Amino acid sequence: MVKYFNLLMKTSLLKIWLIFNFSLICLQSQANSNLDSLKSVIENKSFSDSIRIVALKKIGFEFLEYSPDSTIAYLDKAMSLAQKKGIQSLIADTYDNKGWALITKGKYKPAIEELKKSLHVADQLHDERILASAYTNLGTAYLYLDYNKTALECYEKGLEFSKRINKLKMQSIVLLNIAIIYLDLGNHEKALKHFSEAEEILKKFPKRTKAYLYYNMGLAYEDKNDLDQAFYYFDSALKEAISANNLYLSGVVHSNLADFYIQVENLDSAEYLFN
């Protein structure tokens with residue numbers, strides 16, 4: 001997930017919300033789920049309660065991008081069944097899922113309450129998978145509220161648990177968000193350290209993610225007045241965005257690169273990019 005500020009201003013940060021919700025990824029492991037089939041699973045009581053609960057959650061997340069209220073309604077049904085049957089792991093998981101759905105809706109404080117419930121149950125179960133996801137999502141909720149210190153604490157815990165379960169993509173996304181916090185706090189050295197760690201992991205992952213990484217690294221080097229490195233990463237971000245056919249991000253980086261040329265008084269290059 002990606003949170004956008006005014007991306008064309010040097011002082012504004014592109015905040016990366018490519019947050020890896022481990023529970024959500026598991027739910028979406030079968031792309032293009034057949035809703036009718038999932039609904040038949042829910043209605044067929046010959047299936048185990050756990051399977052029916054997961055089916056409810058899968059249906060819910062089919063609606064997340066365009067109807068998060070529908071997602072939450074299905075998650076509430078899943079929670080009701082999980083609580084009725086006393087399946088603690090699915091209770092913790094569903095609290096985490098609902099927290100993420102509420103973040104998507106912009107309901108950060110209610111999201112925090114759900115995620116804290118998830119952590120409470122997951123901690124009792126010693127379930128490191130759910131702990132990693134819930135701490136990461138909690139960090140995101142706090143970061144949206146501009147509680148940087150608390151967000152950083154949550155992300156550090158999320159990173160710790162994601163390392164324990166050896167989930168590289170989760171680690172990379174948490175590292176990116178930690179770097180963004182340090183960049184926002186003006187600690188460029190720590191920001192670049194975390195960006196570099198994420199970069200090593202992201203070599204194995206999609207170009208779109210790399211484009212966001214390089215864009216933010218360009219901002220970090222620009223703030224440090226290391227213009228050669230800033231240009232290198234802005235240019236890399238543009239190439240990765242174009243290669244990934246991400247037209248929106250290509251436009252953002254393209255405009256920012258033109259802005260950069262103006263700042264370094266390379267007006268011919270700026271004019272070329274603007275045109």
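**View 1. Where does Lys 85 lie?** Lys 85 belongs to helix 4. Helices here are DSSP runs of H or I with at least four residues, strands are E runs of at least two, and both are numbered from the N terminus. The model is a predicted one, so local features need pLDDT of at least 70 and side-chain atom pairs count only at pLDDT 80 or more, while totals for chains, interfaces and linings use all residues. Residues are numbered from 1 along each chain as its sequence is written, and side-chain values use heavy atoms, with hydrogens and water left out. With a relative accessible area of 43%, Lys 85 is partly exposed; that label sits between buried (under 20%) and exposed (over 50%), worked out with a 1.4 Å probe on protein chains only. Its C-alpha is 9.1 Å from that of Ser 50, although 35 residues separate the two along the chain.

**View 2. The whole chain is made of helices, with 14 of them and 0 strands.** Read from the N terminus, the elements go α-α-α-α-α-α-α-α-α-α-α-α-α-α. The chain has 275 residues, and 54% of them count as buried. Contact here means heavy atoms within 4.5 Å. Among contacts with a separation of 6 or more, 56% join residues 24 or more positions apart.

**View 3. Phe 63 and Tyr 74 form one of the 9 aromatic pairs.** Rings of Phe, Tyr and Trp (its six-membered ring) pair if their centres lie within 6.5 Å; planes under 30 degrees apart are stacked, over 60 edge-to-face, and the rest tilted. The Phe 63 and Tyr 74 rings count as stacked because their centres are 6.0 Å apart and their planes meet at 5°. The two residues are 11 apart and link distant parts of the chain: Phe 63 sits in the loop between helix 3 (49-62) and helix 4 (68-85), and Tyr 74 in helix 4. Phe 63 is buried at 16% relative accessible area, and Tyr 74 is buried at 17%. Lys 77 lies over the face of Tyr 74, 5.0 Å from the ring centre; the rule for this wants NZ of Lys or CZ of Arg within 6 Å of the centre and within 35 degrees of the ring normal.

**View 4. Tyr 214, Tyr 221, Tyr 232 and Tyr 233 are linked into a cluster by ring pairs.** Tyr 232 and Tyr 233 make an edge-to-face pair, with centres 4.9 Å apart and planes at 80°. Tyr 232 is partly exposed at 46%, whereas Tyr 233 is buried at 8%.

**View 5. Helix 7 (128-144) is largely enclosed by the rest of the structure, because 15 of its 17 residues are buried.** From first C-alpha to last it reaches 24 Å, close to the 24 Å expected, where the expected span is 1.5 Å times one less than the number of residues. At its start, a side-chain oxygen of Asp 127 comes to within 3.2 Å of the backbone nitrogen of Arg 129. Just after helix 7, Asp 146 takes a positive phi of about 65°.

**View 6. Helix 8 (residues 148-164) packs its buried residues against helix 7 and helix 9.** Those buried residues include Leu 152, Tyr 155, Leu 159 and Phe 161. Asn 166, just after helix 8, has a positive phi of about 60°. Over in helix 9, Gln 171 is buried at 8%. Leaving aside neighbours within four places in sequence, Gln 171 contacts Leu 159, Ser 162, Lys 163, Asn 166 and Ile 201.

**View 7. Ile 103 and Phe 195 have the most contacts inside the largest nonpolar core, which has 85 residues.** Such a core is a set of buried Ala, Val, Leu, Ile, Met, Phe, Trp, Tyr and Cys residues joined through side-chain atoms within 4.5 Å. Helix 9 (residues 168-184) gives the largest share of this core, 11 residues. Not counting residues up to four places away in sequence, Phe 195 touches, among others, Leu 176, Ile 180, Leu 213 and Met 217.

**View 8. His 194 sits in helix 10 (residues 188-202).** It counts as buried at 9% relative accessibility. A polar atom of its side chain lies 2.9 Å from the backbone oxygen of Lys 190. Beyond neighbours within four places in sequence, His 194 is in contact with Leu 175, Ile 178, Ala 179 and Tyr 182.

Technical notes
A polar contact is a pair of N or O atoms within 3.5 Å; within protein, one must be able to donate a hydrogen and the other to accept it, and residues adjacent in sequence count only if both atoms are side-chain atoms.
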